[in-house]
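Here are some exercises to help you find your way around a new structure. Try each one on the model before you read the solution.

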Amino acid sequence: MPEHATREDVWTAPVAPGPVDATIRVPGSKSITNRAYVLAALSAGQTLVRQPLDSRDTRLMLGALAELGAEHERTPEGVLVHPLTPGDGASVQVELGNAGTVARFTPALATLGTRTVRFDGDPAIRRRPVSPLLSALSALGAVIEDEGRGAPPFTVQGGGRLGGGTVELDSTASSQFLSALLLAAPAFDGGATVRLVGGAPPSEPHIAMTMDMLRRFGADPSREGSEFHVPHADLRRTDFTVEPDLSTAAPFVLAPLVTGGTVRIAGWPEHTTQPGDWLRSLVRELGGRAELDDHGLTVTGDGRLRGTRLDLHEVGELTPVIAALLCFADGPSVIAGVAHLRGHETDRLAALATELSALGAEVTDTADGLRITPAPLHGGVFHTYDDHRLVMAGAVLGLRVTGLQVENPATVGKTFPGFVDAWQELLG
Ligand SMILES: O=C(O)C1=C[C@@H](OP(=O)(O)O)[C@@H](O)[C@H](O)C1
Ligand SMILES: C=C(OP(=O)(O)O)C(=O)O
């Protein structure tokens, strides 16, 4: 159980009284919001970010940018981000919480200012890898001190500029290392060429998201296989609108496969780089229907789903919710390709194996995933290890399990502070 959670702090996830029938609006994408804030800070002139996610991770990003010298204002239309200023050589602290995007995307920005910036956060972020990124930034000219543990805390001594150039990067532990270099590269004197070594990074759609958003802010990124090139560029964008978060939508999208019925997700984009868009194919593979039209996505299920084998390397953040779902399948399932989840908010493979087994399923963690053999589940406390996506997984389990008590539900505020209310709305 995480250090600061108590057993009293639980939410009894509601059992579905029958087939669901609901229209749900999910908040803005964490990944798009935090990229938009970073690119806005690197732009000349102010950028209005419309329909941003307002959650712990996005507040941490705005807080980090303020420490680094980019202020913002909340307006009725969205968040207005001001350009990064070089600063006054002061020593500041950036609070990372447990936000991977803040821990990975902001150190490069610190190299561009003149401040001495110490990065640290929750106990959990001190277990999440950053060293391949810090080594690459150092090779590009940054001055960084860490404590030799390969994770926060670390300190960046801003030099007012970064030369940039060509660098090798092992991004197999997190795609965010690569995204971090690419996002900041237009501000490096010589841009950046990043050659990937060590194997394919996970979360390919998030890399595509980075490339797409760089273009939309005026950069000219290119890719040839495992080599990425981002020339120096003056970024500018006055207005940027954030899409709904399709990964946050996952428990709602998949609910009809457990309960039967229909769920509509309003505003599902027709074209997107978000990994959650893959849920449409997953629903079909598991036996449901998913139709996209001008109003959004409509998912229909009959409460039965097939056991399956899934490689989730590209969509790792969906794993907790999918693992919970597969506990209700008609046969065993295997999830593969997600060894890097051991370095997420918690060791998600260990956490899921422990918690799903404790409820009665047969779940084991493998070198790169999970083996799930469904069995009748019973109620009990579902520990969430300060992981927002485990709260969402617990909600999915509760659809069919009486007395499923989700511990520390507030931790879902990392990406969706209104999750519990939205879930109650789903169930009428
Ligand atoms: O770039 C991003 O916004 C993200 C990339 C992915 O990280 P990893 O590649 O570390 O899994 C994803 O899991 C995370 O939720 C968000
Ligand atoms: C891995 C995740 O988050 P982070 O941005 O902290 O890496 C996630 O949201 O599932």
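Before starting, a word on classes: Ala, Val, Leu, Ile, Met, Phe, Trp, Tyr, Cys and Pro count as nonpolar, Asp, Glu, Lys and Arg as charged, and the others, Gly among them, as polar. Keep in mind, too, that this is a predicted model.

**Exercise 1. Sort the residues of the shell around ligand 1 into nonpolar, polar and charged, and say which helices supply them.**

Step 1: Apply the classes. The shell around ligand 1 splits into two nonpolar, nine polar and three charged residues.

Step 2: Pick out the nearest neighbours. There are 14 residues around ligand 1, and S31, R35, S174, S175 and E317 come nearest.

Step 3: Turn to the helices. At least two shell residues come from each of α1 (30-42), α3 and α6 (175-184). The largest share belongs to α1, with three residues.

**Exercise 2. Find polar side-chain atoms that approach oxygen atoms of ligand 1, then work out how much of the ligand the protein covers.**

Step 1: Look for N or O pairs within 3.5 Å, the cut-off for a polar contact. In K30, a polar side-chain atom is 3.0 Å from an oxygen atom of ligand 1.

Step 2: Carry on to S174, where a side-chain N or O atom lies 2.6 Å from a ligand 1 oxygen. For E317 the corresponding distance is 2.4 Å.

Step 3: Now check the cover. On its own, ligand 1 has 390 Å² of accessible area, and the protein covers 96% of that. Ligand 1 also sits in the largest cavity.

**Exercise 3. Describe the surroundings of ligand 2 in the same way.**

Step 1: List the neighbours. Ligand 2 is surrounded by 14 residues, with K30, G100, R128, R389 and K414 the closest.

Step 2: Class them. This shell has one nonpolar, six polar and seven charged residues. Helices α3 (100-105) and α12 (388-398) each give at least two residues to it.

Step 3: Go through the contacts with ligand 2 oxygen atoms. The side chain of R389 has an N or O atom 2.6 Å from one, and a polar side-chain atom of R128 is 2.8 Å from one. N98 uses its backbone instead: an N or O atom there lies 3.4 Å from a ligand 2 oxygen.

Step 4: Finish with the cover. Taken alone, ligand 2 exposes 300 Å², of which the protein buries 97%. The space that ligand 2 takes up is the largest cavity.

**Exercise 4. Why does each ligand lie between domain 1 and domain 2?**

Step 1: Mark domain 1 (10-28 + 244-426) and domain 2 (30-229 + 237-241) on the model.

Step 2: Start with ligand 1. Both domains give residues to its shell, so ligand 1 lies between them.

Step 3: Repeat for ligand 2. Its shell also draws residues from both domains, and therefore ligand 2 lies between them.

**Exercise 5. Locate a cis peptide bond and a residue other than glycine with positive phi.**

Step 1: Recall the usual pattern. Most residues other than glycine have a negative phi, and most peptide bonds are trans.

Step 2: Find the cis bond. It runs from P152 to P153, with omega near 5 degrees. P153 belongs to the loop between β8 (143-146) and β9 (154-157).

Step 3: Find the positive phi. S203 has a phi near 55 degrees, and S203 is in the loop between β11 (192-197) and α7 (204-216).

Key: Residues are numbered from 1 along each chain as its sequence is written. Chains are lettered from A and ligands numbered from 1 in the order in which they are written. This is a predicted model: local features need pLDDT of at least 70, side-chain atom pairs count only at pLDDT 80 or more; totals for chains, interfaces and linings use all residues. Side-chain values use heavy atoms; hydrogens and water are left out. A residue is near a molecule or strand if one of its heavy atoms lies within 4 Å of it. A polar contact is a pair of N or O atoms within 3.5 Å; within protein, one must be able to donate a hydrogen and the other to accept it, and residues adjacent in sequence count only if both atoms are side-chain atoms. Accessible areas come from the Shrake-Rupley method with a 1.4 Å probe; for residues, only the protein chains shown count as cover. On a 1 Å grid over the protein atoms alone, a cavity is a set of points where a 1.4 Å probe fits but cannot get out, and a pocket is an open set with protein on both sides within 12 Å along at least five of seven lines; lining residues have an atom within 4 Å of a point. A molecule sits in a cavity or pocket if more than half of its atoms lie within 2 Å of its grid points. Helices (H or I, at least four residues) and strands (E, at least two) are DSSP runs, numbered from the N terminus. Domain bounds come from an automatic or database domain assignment.
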